[in-house]
Amino acid sequence: MKYVAIIRQVPDGESKIKTDGGRVNLEGATLILDQMDEYAVEEIIRLKEANGGEAVVVAFGPERTEEAMRTALAMGADRGVLVTAEGYVDPVTQAGALAKVLAEEAPDVVFTGGQQADWDSQALGPAVAEALGWPSITWTTAFELGDGHAKATHDLDEGAEVVRVVLPAVFTTQQGLNEPRYPTLPGIMKAKKKEIKKIAAAELGVSGSKVEIVEQEIMELERKQKIIDGTKDPAAAAAELVKLLHEEAKVL
Amino acid sequence: MALDFSLTDEQKQLQQLARRFAREQVAPRAAEYDQNEQVPWELVEQLYEIGLLNISVPEEAGGLGLGLVEEVIIGEELGWADMGFYTIPMASELGITPILIAGTEEQKRRFLGPLTERPSLAAFALSEPGNGSDAAALRTRIVREGDEYVITGTKMWISNAKEADFNVVFATFDPALRHKGVIAIVVENDREGVSFNKIHGKMGQRAAPTYEIIYDDVRVPVENRLGEEGAGFKIAMLTLDKTRIPVAAGSVGVARRALDESAKYALEREAFGRPIADFQAIQFKLAEMKMGLETARIYTYYAAWLADRNDPEHISASAIAKAYASEMAFYAANEAIQIHGGYGYVNDFPVEKLLRDVKLNQIYEGTNEIQRIIIARNILKALK
């Protein structure tokens, strides 16, 4: 059996992100393995530990993605394949390149993050499945491997459904799927010796992007710091507070 | 072109791992462990799981055999989250180091091997109720009887003493010989006649357990002795020459936390209609903290780098790093409280704990006064 996790390297949620000339500037930001992809990596390592076989991480991204890939290898994945391309590439184009790698790897199960923390598209998993003609199950919260098929719980807006799906198939992760482990220090030292195969996107016949980002802006959260004077008429002040919480803050 | 301040890729990943563990697992629970004076054993277990405990145990004994640069990387991150917690793995390395320095291959495997097989600690027992800085004045007696030694005496201020598998004990076979009469010996905690009293009421670092140990006619095989009879004092000093570097690293972590908290608060807190960060009085404090932090960090790395290369210059450098970083961090913690005003004085904010914790960094593993003596001796020795 072979299990693949498709990963991305994204800015740490704690990093302060800046825009520069209408573009996000990642200089100085800490870049990490996408936390939604961590569930994918954890799941394929568990599958390998329980059933044997191989756990492979695959990524599409700039050269620096290798760092996130090393983290996945330090968690326990066996090897990596990195399709390199600099700059923004839309998920459908990415999926075209990744599908070629996956067609060759021929895994039984593919996991990837339910969404991507950088250019939040939620499209990568389904687009990869589409490109391969494989079924896709999104927002997976539970997974059970069977013989030639798998049983998965798929999150819905107001509930969940359990599906049975023929393999190979692509699954996207949701919180609750598992509790991702930390990499370990011995794992970090071993990861150094694990193979990462790099392929330029152009070698797979993929270049450019169907979508181009023209401008990016960061949502600014502004504190209004409205203070209601409660010293004169507390009852009126309380009524005003409730009204503001209801109508402006919309929390009541 | 030899000068190079960069970390290797693995060291960067180690830093990222330690930072994440510190932020996600240690920092959120630090206040609770401090208030309850409770040993965070579950964190020790987690530290073991991710491979950050007892990292200096050599490969021959089943460990990773890492050096002080790696220990310093971990120390800054854990010190940032909770200096009290960091003292636990730090003091374990203090117990391991004399065995690395003076142990035979067989002793390394016998004593250090088990430390890699499960969450477990080592400890170092030098101080006594009546001796601290004057380490050669120790009174714990050791008498040889056939193939055994018999140890009697009391050790004081010993971190991890009871939680550890063993304490490396320093005892004298002839007090009149002062430092030439000392033996270093590994005493397992399960030997008959060993008992512990936990020390309560510490000002800070309350998560780290500290004990008085009583050895009452404890019999230990001769094979547990490290080095020769009379070499014990030298072994203790060679150990501390290295292990005070992680004290500096923890201090750097405390100072970084003090600055992080202060800068964040200064941007949020308003006075006279604008954030207090707009005032030079606050800016100067932040700048001073940053100057201390950066200089202490780079010097701590330098001392660790010297020690890992076995350059004798590390003796003075480790003393400078320890004294400088702990004083800089105490200053930073003090200023952090000042910037927070009244809020800094209560435990709703994490800064008062920084000050209580880092006070100890000026005292343990050789007081800062002793560090100055070491530094001065090294200046004068070069001229004699």
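In chain A, helix 3 (residues 91–105) lies across strand 1, strand 6, strand 7 (79–84) and strand 8, running at about 155° to strand 6 of chain A. Keep in mind that this is a predicted model. With that said, let's look at what helix 3 is sitting on.

**The sheet in chain A**

Chain A holds 6 helices and 13 strands. Nine of those strands form an open sheet with mixed pairing, in the order 11-10-9-12-8-1-6-7-13. At the edges are strand 11 and strand 13 (196–200) of chain A, each paired on one side only. If you follow the sheet from neighbour to neighbour, the strands are turned against each other by 35° on average, direction ignored.

Helix 1 (residues 35–51) of chain A packs on this sheet too, touching strand 1 (2–7), strand 6 (54–61), strand 8 (109–112), strand 9 and strand 12 of chain A. The direction of helix 1 makes about 170° with that of strand 1 of chain A.

How do strand 9 and strand 12 of chain A run where bridges join them? They run parallel, with 3 bridges between them. In one pairing to look for, Ile137(A) has Phe171(A) of strand 12 as its bridge partner. As background, strands of a sheet pair through backbone hydrogen bonds, either parallel or antiparallel.

**A closer look at helix 1 of chain A**

Helix 1 of chain A has 17 residues and reaches 25 Å from its first C-alpha to its last, close to the 24 Å expected at 1.5 Å a residue. Its buried residues include Met36(A), Tyr39(A), Ala40(A), Val41(A), Ile44(A), Ile45(A) and Leu47(A). Acidic side chains turn up in that buried list as well: Asp37(A), Glu38(A), Glu42(A) and Glu43(A). Just after the helix, Gly52(A) takes a positive phi of about 80°.

**Chain A as a whole**

The C-alpha atoms of chain A fill a box of roughly 75 × 45 × 40 Å along the principal axes. Of the 252 residues in chain A, 36% are buried. Among contacts in chain A with a separation of 6 or more, 70% come from residues 24 or more positions apart.

**Backbone oddities**

Most residues other than glycine have a negative phi, and most peptide bonds are trans. A few spots here go the other way. Trp139(A) has a positive phi of about 45° although it is not a glycine, and its place is in strand 9 (residues 136–145) of chain A. Is Trp139(A) buried or exposed? The cut-off for buried is 20 or more other C-beta atoms within 10 Å, and Trp139(A) counts as buried because it has 22 such neighbours.

Over in chain B, Asn54(B) has a positive phi near 55° and is also a residue other than glycine. Asn54(B) belongs to the loop between helix 2 (41–49) and helix 3 (68–81) of chain B. With 24 C-beta neighbours inside 10 Å, Asn54(B) counts as buried.

Then there is the peptide bond from Leu167(A) to Pro168(A), which is cis, with omega near 0°. You'll find Pro168(A) in the loop between strand 11 (159–166) and strand 12 (169–173) of chain A.

**Helix pairs in chain B**

Two helix crossings in chain B are worth a look, and the table sets out their geometry.

| Helix pair (chain B) | Axes come within | Crossing angle |
|---|---|---|
| Helix 8 (residues 314–340) and helix 10 (residues 368–381) | 9 Å | roughly 145° |
| Helix 3 and helix 6 (residues 232–268) | 7 Å | roughly 35° |

Helix 8 of chain B passes helix 10 of chain B in a left-handed crossing. Residues making that contact include Ile315(B), Ala319(B), Ala323(B) and Glu327(B) of helix 8, and Gln371(B), Ile374(B), Ile375(B) and Asn378(B) of helix 10 of chain B. By class, this contact has 6 nonpolar, 5 polar and 3 charged residues.

The crossing of helix 3 and helix 6 of chain B is right-handed. In helix 3, the residues involved include Leu68(B), Val72(B), Gly75(B), Gly79(B) and Trp80(B), which meet residues of helix 6 of chain B including Ile245(B), Ala249(B), Gly253(B) and Arg256(B). Here the split is 9 nonpolar, 5 polar and 6 charged residues.

**Where the chains touch**

How many residues of chain B are in contact with chain A? There are 10, and they touch 11 residues of chain A. The chain B side of this contact divides into 7 nonpolar, 2 polar and 1 charged.

Conventions. Residues numbered from 1 in each chain as written. Chains lettered and ligands numbered in written order. Axes fitted to C-alpha atoms, helices over the stretch in contact; angles between N-to-C directions. Helix = DSSP H or I, 4+ residues; strand = E, 2+ residues; numbered from the N terminus. Left-handed = near helix turned anticlockwise from the far one by under 90°. Contact = placed C-beta atoms within 7 Å. Nonpolar A, V, L, I, M, F, W, Y, C, P; charged D, E, K, R; others polar. Buried ≥ 20, exposed ≤ 12 C-beta atoms within 10 Å, placed from the backbone. Pairing = 2+ DSSP bridges. Expected span 1.5 Å × (residues − 1).
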